[in-house]
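User: I would like to go through this protein chain step by step. Please keep the answers short and show the reasoning.

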Amino acid sequence: MQPFFSKTGIAALREWCRQRPLFALDYDGTLTTLANDPREALLAANIQTLVRRLRQYVPVAILSGRHRPELATLLDGVDVDFMIGNHGLDWGDPTRPELQRAQNLVNGWLEQLQVAPLPTVAPAGWSRRWSGGQVDLPGVWVEDKQYTLTLHYRNVADPDQALAAVTAAVAGLQPAPQVSGGKRVVNLFPDTETNKGSALLRLMAEQGVGRAIFFGDDDTDEAVFRLEHPDILGIRVGWHPDSAARFYLRRQRDMSKALAYSLACLRRFSR
Ligand SMILES: [Mg+2]
């Protein structure tokens, strides 16, 4: 991985911006800082402005692990061209068999995990309207995203112990889910070939977009970086030794600078 703010990084950005790329952006940890309370992961005012301005030049897609309705709430009036949730699964026709099957699997896992509805007064850090609930593991919460599940252990005192407990609980599920880790989360997916990488490729093909720039920060974003696609410029928020991304930003705060540079570049080539 090379720093994005380098000669090579900026040269790559210029090369992409020449061809009006699709901007695909992860949400949590990329456009926003990670929040202990997921309701508080709102877009900062400067990011809202930058995303709005970007859309004057290029199509913008949000490619997130969140449930799509939740994402729409969080975006709070910031329009984007495409919104893809559940790590690539959640878009297009909701009646398609892949989604129906995913929902059935998720319902089965919720039952097996014995997820209890959230108490009337939600514990600190959790929304009452949050879809999901509590499992019999201290401090662990399940986010029901209809087509995938996320088990959060962000607010526990001993994350290693919580992860071990979650891993053990997940190991017994039938049919076995695909499991992916992340930043104090464990994601459960149906056994599908769909991921953020395949979703981005499909979107590019459907929209006839030749090139894309993708920013992401976590394990499921690696599905895009691992494509090592010649037409996708992958930038990871936060350096990681095992990342397949070509470039990285040092921290989430650098996203506003990265979007501002992108905007300047797009303006230059649009003249
Ligand atoms: Mg993220």
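User: Which residue of strand 11 does Leu22 stand opposite?

Analyst: This is a predicted model. Strand 2 covers residues 22-25 and strand 11 covers residues 212-216; the two run parallel and are joined by 4 bridges. Leu22 stands opposite a residue of strand 11, namely Ala212.

User: What is the order of the strands in the open sheet of 7 strands?

Analyst: The pairing in this open sheet is parallel. Its edge strands are strand 1 (2-3) and strand 4 (82-84), each of which pairs on one side only. Read across the sheet, the order is 1-13-12-11-2-3-4.

User: Which residue of strand 12 is opposite Ala212?

Analyst: Strand 11 also runs parallel to strand 12, and 5 bridges join them. Across from Ala212 in strand 12 is Ile232.

User: Why is strand 12 described as largely enclosed by the rest of the structure?

Analyst: In a regular strand, side chains alternate between the two faces of the sheet. On one side of strand 12, Ile232, Gly234 and Arg236 are buried, and on the other side Leu233, Ile235 and Val237 are buried. Strand 12 spans residues 232-237, and it is largely enclosed because the number of its residues that are buried is 6 of the 6.

User: Which residue is the bridge partner of Ile235 in strand 13?

Analyst: Strand 12 pairs with strand 13 (residues 247-249) in the parallel sense, over 3 bridges. Leaving out residues up to four places away in sequence, Ile235 touches Phe4, Phe215, Ala245, Phe247, Tyr248 and Leu249. The bridge partner of Ile235 in strand 13 is Phe247.

User: How many residues are in the largest nonpolar core?

Analyst: Ala212 and Ile235, already met above, are among the residues with the most contacts inside this core. Others in that group are Ala24, Ile62, Leu63, Leu200 and Phe214. Another core, of 21 residues, lies apart from it and includes Leu89, Leu105, Val106 and Leu149. The largest nonpolar core has 43 residues.

User: How far apart are the C-alpha centres of domain 1 and domain 2?

Analyst: Domain 1 is made of 2-89 + 194-270, and domain 2 is 102-189. Their contact takes 14 residues from domain 1 and 17 residues from domain 2. On the domain 1 side, the touching residues are 2 nonpolar, 7 polar and 5 charged. The distance between the C-alpha centres of the two domains is 26 Å.

User: What is the radius of gyration of the protein chain?

Analyst: The protein chain has 8 helices and 13 strands. The globule rule gives 18 Å for 271 residues, and the chain comes close to that value, so it is as compact as a globular protein of that length; its radius of gyration is 19 Å.

User: What share of the residues in the protein chain is buried?

Analyst: A residue is buried if 20 or more other C-beta atoms lie within 10 Å of its own. Of the 271 residues in the protein chain, the buried share is 40%.

User: How does Lys257 count in terms of exposure?

Analyst: Lys257 is in helix 8 (residues 255-270). A residue is exposed with 12 or fewer C-beta neighbours within 10 Å, buried with 20 or more, and partly exposed in between. Lys257 has 13 C-beta neighbours inside 10 Å, so it counts as partly exposed.

Technical notes:
Residues are numbered from 1 along each chain as its sequence is written. This is a predicted model: local features need pLDDT of at least 70, side-chain atom pairs count only at pLDDT 80 or more; totals for chains, interfaces and linings use all residues. The radius of gyration is taken over C-alpha atoms; the globule rule is 2.2 Å times the number of residues to the power 0.38. Two strands pair if DSSP finds at least two bridges between them. Domain bounds come from an automatic or database domain assignment. Two residues are in contact if their C-beta atoms, placed from the backbone, lie within 7 Å. Ala, Val, Leu, Ile, Met, Phe, Trp, Tyr, Cys and Pro count as nonpolar, Asp, Glu, Lys and Arg as charged, and the others, Gly among them, as polar. A nonpolar core is a set of buried Ala, Val, Leu, Ile, Met, Phe, Trp, Tyr and Cys residues joined through C-beta atoms within 7 Å.
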